[in-house]
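Me: I would like to learn how to read a protein model feature by feature, with the general idea of each feature given before the particular case. Could you take me through one?

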Amino acid sequence: MDYSLAEHIPAGDEWPWPPREAAGIRFPVPIDEVVDVCAALPSLAGVTSVWYLGGASAGASVALSAAQRLRDEGGQLPAGIPLVYPTAHSVLPPMTPELRNKYLRIPFEQRYSPLRVHLMNLNFVGTEDRMEEPYAFPGDGDLSGLPPVYVLNSELDGLRASGQTLAASLAAAGNDVVQFCEPEALHGHLNTPELVVSDRSLARIDAWMTLIEANARASGLGM
């Protein structure tokens with residue numbers, strides 16, 4: 001991720017926010033922006049106490065890093081964190097034998113090899129010496145004390161190695177984690193909403209969010 005689709009929202013500033021250059025955005029700016037938006041949510045009219053912070057692919061990594069920041073800085077945490085085919089590690093974890101076999105079925109242009117992931121991550125942080133920066137890659141950091149997480153991986157996706165490892169690490173850290181692998185799905189399948197597999201994935205996430213909201217009502221959190 002080296003671009004921004006919206007202007008930066010500095011915490012505490014009034015509208016209109018000052019414009020900035022959108023090209024060449026590097027860590028930690030995307031995470032700063034998400035944290036600032038989340039910090040502003042409680043003061044916005046119409047925002048309920050049950051809200052979610054999620055993303056897909058590199059956006060899932062930014063969302064989870066932002067949640068770690070909110071936890072560490074004493075901010076309000078989301079009710080849940082839905083992550084879709086996340087890439088969350090500075091180095092792509094090893095693929096399982098099952099995933100290695102299916103990797104060969106993936107169209108070449110959609111294969112995420114360890115080298116491709118390294119170059120993608122390097123582009124995000126800017127320089128090699130920043131690869132181990134806190135919050136840059138959430139899967140490498142402290143995963144304890146987070147809200148419930150839903151990890152949806154694609155079956156035909158080399159980045160599933162990151163998603164599966166992340167889900168296991170989240171569970172080992174004591175979090176409530178649901179992991180699902182969407183059969184026959186490629187990385188980025190939600191970008192093609194007309195696909196049946198996209199409808200299935202969205203329905204799974206919606207059902208999980210509905211359960212989170214029901215639990216929030218039962219606990220008296222309010223809506």
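Reply: What follows goes from the overall fold to a helix, the cores, two single residues and the salt bridges. This is a predicted model, in which local features need pLDDT of at least 70 and side-chain atom pairs count only at pLDDT 80 or more, while totals for chains, interfaces and linings use all residues. Residues are numbered from 1 along each chain as its sequence is written, and side-chain values use heavy atoms, with hydrogens and water left out.

Me: How many helices and strands does the protein have, and what pattern do they follow along the sequence?

Reply: Helices (H or I, at least four residues) and strands (E, at least two) are DSSP runs, numbered from the N terminus. Here there are six helices and four strands, and read along the sequence they follow the pattern α-β-α-β-α-α-β-α-β-α.

Me: What share of the residues is buried, and how much area does the protein expose?

Reply: A residue is buried under 20% relative accessible area, exposed over 50% and partly exposed in between (1.4 Å probe, protein chains only). Of the 223 residues in this protein, 42% are buried. Accessible areas come from the Shrake-Rupley method with a 1.4 Å probe, and for residues only the protein chains shown count as cover. The protein exposes about 11,100 Å², of which carbon and sulfur atoms supply 59%.

Me: How should I read a single helix such as α2, and which elements cover its buried residues?

Reply: One can set the span of a helix against its expected span, which is 1.5 Å times one less than its number of residues. With 15 residues, α2 reaches 21 Å from its first C-alpha to its last, close to the 21 Å expected at 1.5 Å a residue. This helix is mostly covered, since twelve of its 15 residues are buried, among them Ala-60, Leu-64, Gln-68 and Arg-71. Contact means heavy atoms within 4.5 Å, and the cover over the buried residues of α2 includes α1, β1 (55–56), β2, α4 and α5. After α2 comes Gly-74, whose phi is positive, near 75 degrees.

Me: Which residues touch the most other members of the largest nonpolar core?

Reply: A nonpolar core is a set of buried Ala, Val, Leu, Ile, Met, Phe, Trp, Tyr and Cys residues joined through side-chain atoms within 4.5 Å. The largest one here holds 29 residues, and Leu-53 and Leu-83 touch the most other members. At least two residues each come from α1 (29–40), α2 (58–72), β2 (81–84), α4, β3 (149–156) and α5, with α2 giving the most, seven residues. Not counting residues up to four places away in sequence, Leu-83 touches several residues, including Ala-60, Leu-64, Val-151 and Leu-166. There is also a second, separate core of eleven residues, which includes Val-50, Val-84, Trp-208 and Ile-212.

Me: Is Ser-162 buried or exposed, and what does its side chain reach?

Reply: Ser-162 is found in helix α5 (residues 160–172) and is buried, with a relative accessible area of 1%. A polar contact is a pair of N or O atoms within 3.5 Å; within protein, one must be able to donate a hydrogen and the other to accept it, and residues adjacent in sequence count only if both atoms are side-chain atoms. The side chain of Ser-162 reaches the backbone nitrogen of Ala-88 at 2.9 Å. Leaving aside neighbours within four places in sequence, Ser-162 is in contact with Pro-86, Thr-87, Ala-88, His-89, Leu-92 and Pro-93.

Me: Where is Val-125, and which residues does it touch?

Reply: Val-125 lies in helix α4 (residues 114–125) and, at 2% relative accessibility, counts as buried. Not counting residues up to four places away in sequence, Val-125 touches Arg-26, Phe-27, Arg-130, Met-131, Ala-136 and Phe-137. Val-125 and Ile-25 are 100 residues apart in sequence, and their C-alpha atoms are 9.3 Å apart in space.

Me: How many salt bridges does a search of the whole structure find?

Reply: A salt bridge is a side-chain nitrogen of Lys or Arg within 4 Å of a carboxyl oxygen of Asp or Glu. The search finds eleven, including one between Arg-69 and Glu-73 (2.5 Å, N to O). Another joins Glu-182 and Arg-200, with the closest N and O atoms 3.4 Å apart. This pair links distant parts of the chain, with Glu-182 in strand β4 (residues 177–186) and Arg-200 in helix α6 (residues 196–218), 18 residues apart. Glu-182 is buried at 0% relative accessibility, whereas Arg-200 is partly exposed at 35%.
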